[in-house]
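Reader: I am new to this structure and would like a close look at one part of it. Please pick a place where two helices meet, describe it, and then work outwards from there.

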Amino acid sequence: MIRIPCPFCGERDHSEFHYGGDGSITYPALDAPTEDWLNAVYQRKNIRGVQIETWHHVNGCRMWLLVERDTITHEIHLVRAAHDGVDGVLKGRT
Amino acid sequence: MSARRLSHGGRIDRAKTISFDWEGRKLTGYPGDTLASALMAGGQRVIGRSFKYHRPRGIMSAGVEESGAIVTLGDGAWRDPNVKATTQELYDGLVARGQHAWPNLHFDMGGVANFFSRFLPAGFYYKTFMGMPPFEWGSGTGWWMRYEKLIRRAAGMGTASRAPDPDAYEHAHAFCDLLVVGSGPAGLSAALVAAQSGLEVILVEQDFEFGGDLLNQANPESETKRIELLSAIHTAGVRTMSRTTAFGLYENSVAGLVERVTDHLANPADYLPRQRFWTVRSKQTVLATGALERLIAFGNNDRPGIMSANAGRTYLNRYGVLPGENIIVVTNNDSPYQPALELAKAGATVHLIDARTTTPELEKGCGVSVKSESIPIKAHGSKGIRGLESTASEGIQSCDLLLVSGGWSPVVHLLSHRGIKLVWDAQIACFLPGDTDAPIHVAGSAAGIWGSKDCGASGQVAAAKALGQLGHDIKLPTGKISRGSGWDLPIKPLYEIKVPGRKLQSFVDLQHDVTSEDVRLAHREGFQSVEHLKRFTTLGMATDQGKMGNIIGMALMAEALGKNIHDMGTTTFRPPYTPVSLGALGGRHVDSNFRPIRRTPLHDWNLSNGAIMTLAGLWDRPWYFPREGETIEDAYIREATVARKSVGLCDITSLGKIAVQGPDTAEFLNRIYTNPFAKLSIGKARYGIMLRDDGMVMDDGTCWRLTETDYFMTTTTAHAATVMVWLEELLQVRWPDLKVHVTSVSDQWAGCTVAGPNSRAVLEACVTDPTLISNETCPFMGVIETTLTGAIPSRIARISFSGELAFEVYVPSDYGPSMMDLLFNASKPLDGCLYGLEALGTLRIEKGHVTGAELDGRVTIEDAGLGKMASKQKSYIGDVLRKRPVMLDKNRARLVGIFPKDRTQRFNAGTILCKPGAISGFGEGWITGATYSPALGHWIGIGFISGGFESWVGQTVVVADPVRDQNINVEIVLPQMFDPAGKRSHD
């Protein structure tokens, strides 16, 4: 079972979270060219190793998190609030 | 019969007799017995029949590796098949019987299969019956499906009860610093060191007693040591759990355990669950899981009366049963020498046959004769061994028990669950744990350390390693513990006995009847990898998972391929280590607890007003409100009629409700809805559609502007959670710069829709200031915040899903029943009524309004007939990708209404729309909703058809209903079937 250290709630079972998606994607502007949207929505790398993902602590604090997970071992390397401002507050960078 | 209970010795309590039922006969045993030990003491040799050849089988082991003594326990709903007699504790009134035999264990008709065994090799059934000519040449597997049922019955494992499981199960959770699996000398020592150093330790043991192999010893010092260790770990605060199997090891040091709470009790208390399924989250794990003794493949090595050498010792020392009086022991290693001596001391004649040239020295007069450089060839006797043919002597040497030791296999299954490679150690002939960085430490015989003292020391080392990884400053115990310690002389690998020119039927997997020859057949058929070997022969795929024989299969395959076992590798062990009941996995998530049920704050009010409820998703909602003698059809038609004629009330609390607040809310809404929201004025609501990034419709709903920065959003019932998650993702991940906050308020507001020409009159009677409800102050899509009679705070919007003049009224949840009393009392003089989900569907289908049934995630905004809601003035989520050519293709299935050609006919939802004469495949479209329409006086439907209304004007279409075998001619109309101009709601 994957255990995710939520920066707000502490370490919890993955069953409290919903997997979001690829956390490395920067979504284009709403009026960006079709090509950009196609890439953002459909093109995914099938990474063997560490990848950045979004997870939602849906049955917890309901915060969206950026999680670095190893796709082979399920090892979790880094977890932070997806929202930059909130992450800054947590880390005292206000 | 040769096995007998001794008058003294063992861990059984002879003061109390337990009686149980075996195959309809009364037998007795003692507390401390397993079913197997009691059967053995009772002289029972044939315990079951084998899976494929129906060969008689007896007790082969004294533990979880058992592949012979597999029985069915209990009767009726409690019938539990495939129970290992060797691990089942005896209790008063236990009922057990053998499996796979008809009419009985001693005369089994299925036994004829054995005479044809050379025609029944691995893969026989598939090869013979699948694609069987002439029926199935190129035509699939229809006949195979029929044969398979018969074949399965002939083979058959035990049969489960068809009745619902009458027992309760529980899920439980635990946390600790260190989980120790196994309570032999290694596990006890590890737990003690760790707990004394301050760790929180849980020690689990699958047996009903702690001690592992210490329980099988004859010398009293072992028992003294066991009691000392146990008392010390309890003093140190170790939490111990017996009858608990660690069946799986997962990421992050999470282990799955099954605790058998009442399986050993004659009359368990009502409040106790049968089993508990534990999820244990530890930081470190010590595996002291022991090792299992292997068999050797020689002729008829499956006969009742053949068992592992250590099992012989266990029955003697733990259960006080002398398993045989004339015993032959065959071995290739040192381990059965001690058991042989103990059995001889207990009164048996013991002849030891050792494959090695050099054998351990035995004292004169010990009662055991040793013949070196000798191997067994073939066992004789069918329902019980009578003798052994071996290279030790001419002819058949008689015996009543044959003990076999082919070496030991460490229990490394849990490591394998974590993907840790196993390494073949040629010197001690077994797979050992490979190196790993994982926080798992293996100790004792699970690490190939055989001597009891060394096992204890290795447990201390494992605990020290765990402590070290947790940051404790611990010195590793000194002293060298080497693999294979405990044996004076090396093992001589011996897997299969082959005699040139003779066919010996020797088994490598007894439970699945896989023979040595089957393994070679797999090789001849071209299989190379162990994983394929396993699947072709089913080696190791029975409920014992090949614990006694798998290694032999690997060895034989390696030999056939000309490789060594090291290069072949082993199959991957996967959880569970031993079978786990489905009941334990399910826990309390059964029946009405299978998933949560959501009830609105109006639930009791609805029930006391005659509602019949139905489940819609998780929600328990009013379906219809029948009056005396009404059917559901009568009721919903009346309810919909009253709503159009006068006024109807409907509980709409289940709609998703979200408070969207903050200075950037207008901008946020403008980005997520397809239609313009930037200029929605305060006191107005708007219908809106949200798309996904890929351009498909996600949800529709309304959004009310209460103040400059405060909005109240409603979503469909079905998509409430999805939309909430989506808004949170957008605000936190994608647009962190927007100052908007979203809060789910679905549970905070109770809602009622008041629909019909008299709805204004009803509301006027209920609000504190009736002038607020006029057409001027509350026009179509107008929003007011006011109070109902009795100072009930409320939010009211003039929104219509029914197509009538209608209002949605929301009050804080606690006021819900009061609101309903007010509204219902006001509607009674106007002949109003309550309506349920069924009439709600009727009203919305008449109007062509979409719901979750239409917005199924595969529908574009144009498909839903809402293209004009897609703004051209702004960009929004899904805007770019919805414009892809295929998404705009005019021939896509579009929303339409459906009328039967013959207006007296009816049709069903879920049916397929086809061209006449082309009723096949997916057709041209589908129907998502159908109802009798009181407004139109006939049945109508809503659905999708390729090209939409324009493509089918004036044509006949067929509603194909293959399930009910009826086809109805229909015509396609515009989805707005009633009051298309919307006069009734806008006026």
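Author: This is a predicted model. The place to begin is the crossing of H5(B) and H10(B), which is right-handed. Helix H5 of chain B covers residues 185-196, and it packs against H10(B) at an angle of about 35 degrees, the two axes lying 7 Å apart.

On the side of H5(B), the contact is made by B:Pro185, B:Ala186, B:Gly187, B:Leu188, B:Ser189, B:Ala190, B:Val193 and B:Ala194. H10(B) contributes, among others, B:Ser452, B:Cys455, B:Gly456, B:Ser458 and B:Gly459, and further along B:Ala462, B:Ala463, B:Ala464, B:Ala466 and B:Leu467. Sorted by type, the residues of this contact comprise 12 nonpolar and 7 polar, with no charged residue.

H10(B) also leads to a sheet. Five strands of chain B make up this open sheet, in the order E12-E11-E10-E16-E30, and their pairing is parallel. At the edges are strand E12 (239-241) and strand E30 (440-442) of chain B, each of which pairs on one side only. From one strand to the next, the twist averages 15 degrees. Helix H10 of chain B, residues 452-469, packs on this sheet and touches strand E10 (178-181), strand E16 (284-287) and E30 of chain B. The direction of H10(B) makes about 170 degrees with that of E16(B).

At the E12 edge, the partner is strand E11 of chain B, residues 201-204, and these two strands pair in the parallel sense over 3 bridges. Within that pairing, B:Leu203 stands opposite B:Thr240 of E12(B).

Another set of strands in chain B gives a second example of pairing. Strand E2 of chain B, residues 18-22, pairs with strand E3, residues 25-29, in the antiparallel sense over 5 bridges. The two form a hairpin with 2 residues between them, and B:Glu23 in the turn has a positive phi of about 55 degrees. B:Phe20 has B:Leu27 of E3(B) as its bridge partner. E2(B) is also joined by 2 bridges to strand E8 of chain B, residues 95-98, and that pair runs parallel. There, B:Trp22 stands opposite B:Ala96 of E8(B).

The two faces of E2(B) can be told apart. In a regular strand the side chains alternate between the two faces of the sheet. On E2(B), the covered face holds B:Ile18, B:Phe20 and B:Trp22, while B:Ser19 and B:Asp21 are on the uncovered one.

These parts belong to a chain with 24 helices and 52 strands. The C-alpha atoms of chain B fill a box of roughly 115 × 75 × 55 Å along the principal axes. Chain B has 987 residues, of which 52% count as buried. Among its contacts between residues at least 6 apart in sequence, 66% join residues at least 24 apart.

Chain B also touches chain A. That contact takes 23 residues from chain A and 21 residues from chain B. On the chain A side, the elements giving two or more residues are strand E3 (18-22), helix H1 (34-42), strand E4 (50-56) and helix H2 (84-90) of chain A. H1(A) supplies the largest share of that side, 3 residues. The chain A residues that touch chain B divide into 11 nonpolar, 8 polar and 4 charged.

Terms used. Residues are numbered from 1 along each chain as its sequence is written. Chains are lettered from A and ligands numbered from 1 in the order in which they are written. This is a predicted model: local features need pLDDT of at least 70, side-chain atom pairs count only at pLDDT 80 or more; totals for chains, interfaces and linings use all residues. Helices (H or I, at least four residues) and strands (E, at least two) are DSSP runs, numbered from the N terminus. A residue is buried if 20 or more other C-beta atoms lie within 10 Å of its own, exposed if 12 or fewer, and partly exposed in between; C-beta atoms are placed from the backbone. Two residues are in contact if their C-beta atoms, placed from the backbone, lie within 7 Å. Ala, Val, Leu, Ile, Met, Phe, Trp, Tyr, Cys and Pro count as nonpolar, Asp, Glu, Lys and Arg as charged, and the others, Gly among them, as polar. Two strands pair if DSSP finds at least two bridges between them. Axes are lines fitted to C-alpha atoms, for helices over the stretch in contact, and angles run from 0 to 180 degrees between N-to-C directions. A crossing is left-handed if the near helix is turned anticlockwise from the far one by less than a right angle, and right-handed if clockwise.
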